[in-house]
Amino acid sequence: MNYALFSVPVGTIYDLSRPVKENEDGELVSAIGDEGLYGQACQVWTLPGGVTAGGEHLLPDVAEVVSFYGYHGYVRRQELQFVEEDALWDYLGGRLVLVDRATDVLSLPRVQGIRMLELEQGGVLRRLPETSEEAEAHKGWAKVALLDGRTGYVRDVALEPVRFSMTAVFTQEAGRTFDEALAKAEGCKPEELVPRAIDRWFGGSEEAFRNALAEQAKKYLGTEYRWGGKSGRGIDCSGLVSSAYMQCGVLIYRDAKLVEGWPMHKIPLEQAKRGDALYFPGHIALYLGEGRYIHSTGAARSGGVVLNSLDPADPLYREDLVKSLYAVGSLF
């Protein structure tokens, strides 16, 4: 098996081996399905120029991949850094930190440093160890390793621990569900994945986890809607919800539909709590409580991440969405 890391701030994962497709009206539209962010891992099913299991001959600059959270697609070669399995295990075993907001990687631990890379929220960096003397000398800055071997510095306030696991990249295979793949990699049962994450990162508190989900999602408020997007530059509805969950340590299905075993299950609307997912046809939102929810919408009145409400008395009420709400998904 081959593996790779996304080596650009935002890489595009296309649903097809070509970047555009023809829609039902005969128009050329983007074939984007998802995005991979810097430092995120994927399993490479077919190398550039190879032949897929379905018999398609790929162009020399296109690879067939599946992300560590189970999304299949095609990526341009220049957006990936191919790595050996041992090297990837070593990378994942390091002290990984999540970019908590768009931030620069600088050559020096001060604002006059040369900008080496500009990363988007959700990107992953490897934090390098420092002596107490080094840390004191540039307090407020973290020393990080870039994938190309360079060393740079990022403000501490722009980073947080990586709470999700990318180890399913080693165990995903045909016939194995995603939760089974991740559990196999983590050495536990599928039903133990969520409790383990909440125990580790939130002291076992369901309430703390739910609050963290809401706060993560709200960091994207005002971000432009982008079909297939998953970054602070542009994000779609399922990208928003799945990213909030991912950044809180739980991997759910990336697209806007309820899929059992990822690990959502359906609950009645009257049982919905902060952090649960609201499902509409082709759309998903994160419930914030008291009738309000956050979502990324392409609607003309919004065009991005906004707050709306299920309550007719609320000025943020969206009647069209309330009428089409068909399911609520929860981990609990």
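These are my notes on the pockets and salt bridges of this structure, which is a predicted model.

**Pockets**

I started with the largest pocket and got a volume of about 740 Å³. I counted 33 lining residues, and those closest to the centre are Arg 163, Phe 164, Ser 165, Glu 186 and Arg 200. Next I looked up which elements give two or more residues to this lining, and found α1, β10, α3 and α4. Helix α4 supplies the largest share, seven residues. By type, I have 20 nonpolar, six polar and seven charged residues in the lining.

I then went to the second largest pocket, at about 240 Å³. It has 15 lining residues, with Trp 227, Asp 236, Ser 238, Asp 255 and Ala 256 closest to the centre. Both β5 and α6 put at least two residues into this lining. The split here is six nonpolar, five polar and four charged.

**Salt bridges**

I found 21 salt bridges in the structure. Asp 100 and Lys 219 pair up at 2.5 Å, N to O. Asp 100 sits in the loop between β10 and β11 and Lys 219 in the loop between α5 and α6, so this pair ties together parts 119 residues apart in sequence. I checked exposure too: Asp 100 is buried at 16%, while Lys 219 is partly exposed at 37%.

I also noted Arg 274 with Glu 215, closest N and O atoms 3.3 Å apart. Arg 274 is in the loop between β17 and β18 and Glu 215 in α5, so the pair links parts 59 residues apart in sequence.

Last, I traced a network: shared salt-bridge partners join Asp 100, Glu 160, Arg 163 and Lys 219. I had already met Arg 163 among the residues closest to the centre of the largest pocket.

How values were computed:
Residues numbered from 1 in each chain as written. Predicted model: local features only at pLDDT ≥ 70, side-chain atom pairs only at ≥ 80, totals over all residues. Heavy atoms only, no water. 1 Å grid on protein atoms, 1.4 Å probe; cavity = no way out; pocket = protein on both sides within 12 Å on 5 of 7 lines; lining within 4 Å. Points joined across faces, edges and corners; volume = space filled by probe spheres on them. Helix = DSSP H or I, 4+ residues; strand = E, 2+ residues; numbered from the N terminus. Nonpolar A, V, L, I, M, F, W, Y, C, P; charged D, E, K, R; others polar. Salt bridge = Lys/Arg side-chain N within 4 Å of Asp/Glu carboxyl O. Buried < 20%, exposed > 50% of the residue type's maximum accessible area, 1.4 Å probe, protein only.
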